[in-house]
Amino acid sequence: MIALIRYTFATMLHTQRYVAPLLLFMGLMGVLTANGNGPLPAAYASSAGAMFVCSTWLAMAVVSLDEPPQRAITVVTAGGRPLRVLLAAIGTVLLSCLALMVVGLAFPLWLGDHAVTASDVLLGIEAQLACALTGTAIGVLCSRQVFTRQGHAVVAALVLLMGALFPKGLPPVNRLFTLMATTSDAAPLLAPAGAMSALSALLLTAATAATHFTGRRRQ
């Protein structure tokens, strides 16, 4: 698995598929956290929103890196286990999101003037983790393994993104953002944010299973 992740990561760097999601992340960070005042949970909600959109695009790009003939070769090299190839792509996305998480935690502190507590930082980690997992789940479902036409994949991704962001009170994303935007004290939000992260992990597991099943049927 480590070798597959290294291969996927090297392919991602070589093809520069990471550039557009990275630029989007940095642009959203600059816009959404431009106001350097106010409670830190609200600022970290903005960072998590940037992570959500970026991880969706990055997952779509990384899972769809190889053309079908090259993917078939990769699967054979991986012992004929397409699930391992898919998990390696997801692992590459999540490791990349961990690197972006550092930026998401530090950027609001550098840009603004906030009183920082350990609860604030932990809440920021949980929020970004939940959004990275949910965004990756959407990106995996909208990858080439499920949609053969890129236009259909983009439309599906936009619909799922909007569906996760805007319905009031819908967990994990909208519910988490609502809590963080309306509460200045991070400590009471740690348990709900942890629950949202667990739910996001379940969503990613389900999306992975559905994508693997669809890909196997097409083979």
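The following conversation explains how several terms are applied to this predicted model.

Visitor: Why is Asn174 called buried?

Guide: Asn174 has a relative accessible area of 9%. Buried means under 20%, so Asn174 is called buried. This residue lies in helix 8.

Visitor: Which residues are in contact with Asn174, leaving aside its neighbours within four places in sequence?

Guide: Asn174 is in contact with Ala164, Leu165, Phe166, Pro167, Lys168 and Gly169. As for Gly163, it stands 11 residues from Asn174 in sequence, and the two C-alpha atoms are 9.3 Å apart in space.

Visitor: What makes Arg144 and Glu67 a salt bridge?

Guide: The closest N and O atoms of Arg144 and Glu67 are 3.7 Å apart. The definition asks for a side-chain nitrogen of Lys or Arg within 4 Å of a carboxyl oxygen of Asp or Glu, and therefore the pair counts as a salt bridge. The pair links distant parts of the chain, 77 residues apart. Arg144 belongs to the loop between helix 6 (118–141) and helix 7 (150–165), whereas Glu67 belongs to the loop between helix 3 and helix 4. The structure holds one salt bridge.

Visitor: Are Arg144 and Glu67 buried, exposed or in between?

Guide: The relative accessibility is 27% for Arg144 and 47% for Glu67. Buried means under 20% and exposed means over 50%, with partly exposed in between. Both residues are therefore called partly exposed.

Visitor: What makes a set of residues a nonpolar core, and how many residues has the largest one?

Guide: Such a core consists of buried residues of certain kinds, Phe and Met among them, joined through side-chain atoms within 4.5 Å. In this model the largest nonpolar core has 55 residues, and Phe52 and Met180 have the most contacts inside it. Helix 2 (19–32), helix 3, helix 5, helix 6, helix 7, helix 8 (173–182) and helix 9 (190–218) each supply at least two residues of this core. Helix 3 provides the largest share, 14 residues. Apart from this core lies another, of five residues, including Val75 and Val85.

Visitor: Which residues does Phe52 touch, not counting residues up to four places away in sequence?

Guide: Phe52 touches Cys131, Thr134, Gly135, Ile138, Leu161, Ala164, Leu165 and Val173.

Visitor: How do you know where empty space is left?

Guide: Empty space is revealed by rolling a probe the size of a water molecule over the atoms. Where the probe fits but cannot get out, the space is called a cavity. The count comes to two cavities of 30 Å³ or more, and the largest cavity has a volume of about 110 Å³. Its lining includes Tyr7, Thr8, Asp66, Arg71 and Val85. Helix 1 gives the most to this lining, with three residues. By kind, the lining of the largest cavity divides into six nonpolar, three polar and two charged residues.

Visitor: What makes a pocket distinct from a cavity, and what is the volume of the largest pocket?

Guide: A pocket is an open set of points, whereas the probe cannot get out of a cavity. The largest pocket has a volume of about 450 Å³. Of the 20 residues that line this pocket, Trp57, Met60, Ala61, Gln150 and Val154 lie nearest its centre. Helix 7 supplies the largest share of the pocket lining, six residues. The lining of the largest pocket divides into 12 nonpolar, five polar and three charged residues.

Technical notes
Residues are numbered from 1 along each chain as its sequence is written. This is a predicted model: local features need pLDDT of at least 70, side-chain atom pairs count only at pLDDT 80 or more; totals for chains, interfaces and linings use all residues. Side-chain values use heavy atoms; hydrogens and water are left out. On a 1 Å grid over the protein atoms alone, a cavity is a set of points where a 1.4 Å probe fits but cannot get out, and a pocket is an open set with protein on both sides within 12 Å along at least five of seven lines; lining residues have an atom within 4 Å of a point. Grid points are joined across faces, edges and corners, and a volume is the space filled by probe spheres set on the points. Helices (H or I, at least four residues) and strands (E, at least two) are DSSP runs, numbered from the N terminus. Ala, Val, Leu, Ile, Met, Phe, Trp, Tyr, Cys and Pro count as nonpolar, Asp, Glu, Lys and Arg as charged, and the others, Gly among them, as polar. Buried means under 20% relative accessible area, exposed over 50%, partly exposed in between (1.4 Å probe, protein chains only). Contact means heavy atoms within 4.5 Å.
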